[in-house]
Structures are given as C-alpha cells and as structure tokens.
Amino acid sequence: MARIYNHLKGIPELPDTPNIKKKRPKMIAVVDEDNCTGCQACVPFCPVDCIESVAKDKYDFPAIPPVQVRFDECTGCQVCARVCTKMTWDAIRMLNTDIFEANYDLTIS
Ligand code: SF4
Ligand code: SF4
C-alpha cells in the first residue's frame, strides 16, 4: 500500500469546481497525440478543465481520439503530465512557454 501511495505522490485530489488561469504560465502542457491512448484519465484532474478530446473527424484511426489541451487556458500546473505518467501512459510534455510560443507560433497571455 505504501508503495502505491508513493507512486501516486504529487497527484492531487480531483478538483471540485474548475478554476481559471490568472497569469501567464511558465510552462504549457502539450499532448503527444500519436502517443495518447485517449483514456481521458488526465481530463478530470485538470484544475481549469482545459483538456478535451480531439474532434473525431481529425482521425480515421484510432476509434478513441486522443486528447488535446486548450493552450491559452493551461496554467502549467503539471498535474496532467503526472497523472498520465504515473497512472496510464507518458503522452504529455511540459514545454517552457517561450519555447512553446516559438515552436507553435502562438502567443500565450
Ligand atoms: S492520461 Fe495520457 S494517455 Fe490518457 S488521455 Fe490523458 S494524455 Fe492521453
Ligand atoms: S498543466 Fe495540464 S492539468 Fe495543469 S492546467 Fe495545463 S492542461 Fe490542465
């Protein structure tokens, strides 16, 4: 039991109600859609509820679409990355916001 507890350390309780972002984050969560199983384990843990399924018409395969992050709402809290790595897979990368903006040609406020 202690081993399970230690493994899940860093994963908070599920949030009761979604919060909203208050300042420009230092990091942004990026889902590797080719690696994501679409299990949605990360979705309810996001404190600002900004993880959603990719539209089904974007993929013919797999039948269960991966998830994506609404980047402008992400607070960079890293909870989703911990959940994915510790509870399911390893499909979320945290990118430094400056690097994210340069890579994706987006501006995060
Ligand atoms: S927990 Fe990981 S594998 Fe599951 S939906 Fe989220 S990003 Fe994808
Ligand atoms: S890091 Fe993940 S859990 Fe945290 S706000 Fe961004 S998408 Fe949500």
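## A nonpolar core and two ligands

The largest nonpolar core here has 18 residues, and those with the most contacts inside it are Ala-29, Cys-42, Cys-46, Ile-51, Cys-80, Cys-84 and Ile-92. (A nonpolar core is a set of buried Ala, Val, Leu, Ile, Met, Phe, Trp, Tyr and Cys residues joined through C-beta atoms within 7 Å; buried means 20 or more other C-beta atoms within 10 Å of a residue's own, exposed means 12 or fewer, partly exposed is in between, and C-beta atoms are placed from the backbone.) This is a predicted model, where local features need pLDDT of at least 70 and side-chain atom pairs count only at pLDDT 80 or more, while totals for chains, interfaces and linings use all residues. Residues are numbered from 1 along each chain as its sequence is written, with chains lettered from A and ligands numbered from 1 in the order in which they are written.

**What builds the core**

- Strand E1 (27–31) and helix H2 (79–88) are the elements that give two or more residues to this core; helices (H or I, at least four residues) and strands (E, at least two) are DSSP runs, numbered from the N terminus.
- H2 gives the most to the core, with four residues.
- Leaving out residues up to four places away in sequence, Cys-46 touches Ile-51, Val-79 and Cys-80 (contact means C-beta atoms within 7 Å, placed from the backbone).

**A closer look at H2**

- The buried residues of H2 are Cys-80, Ala-81, Val-83 and Cys-84.
- They sit on the same side of H2 because they cover an arc of only 165 degrees around the axis, the arc being that of the directions from the helix axis to the C-beta atoms.
- E1, strand E2 (51–53) and strand E4 (92–96) are included in what covers these buried residues.

**Around the ligands**

- Ligand 1 has 16 residues around it, and Cys-36, Cys-39, Cys-42, Cys-84 and Trp-89 come nearest (near means a C-beta atom, placed from the backbone, within 6 Å).
- H2 supplies the largest share of the ligand 1 shell, three residues.
- That shell divides into 12 nonpolar, four polar and no charged residues; Ala, Val, Leu, Ile, Met, Phe, Trp, Tyr, Cys and Pro count as nonpolar, Asp, Glu, Lys and Arg as charged, and the others, Gly among them, as polar.
- Ligand 2 has 14 residues around it, of which Ala-29, Cys-46, Cys-74, Cys-77 and Cys-80 come nearest.

**A backbone detail**

- Gln-40, in the loop between E1 and E2, has a positive phi near 70 degrees despite not being glycine.

Methods. Contact = placed C-beta atoms within 7 Å.
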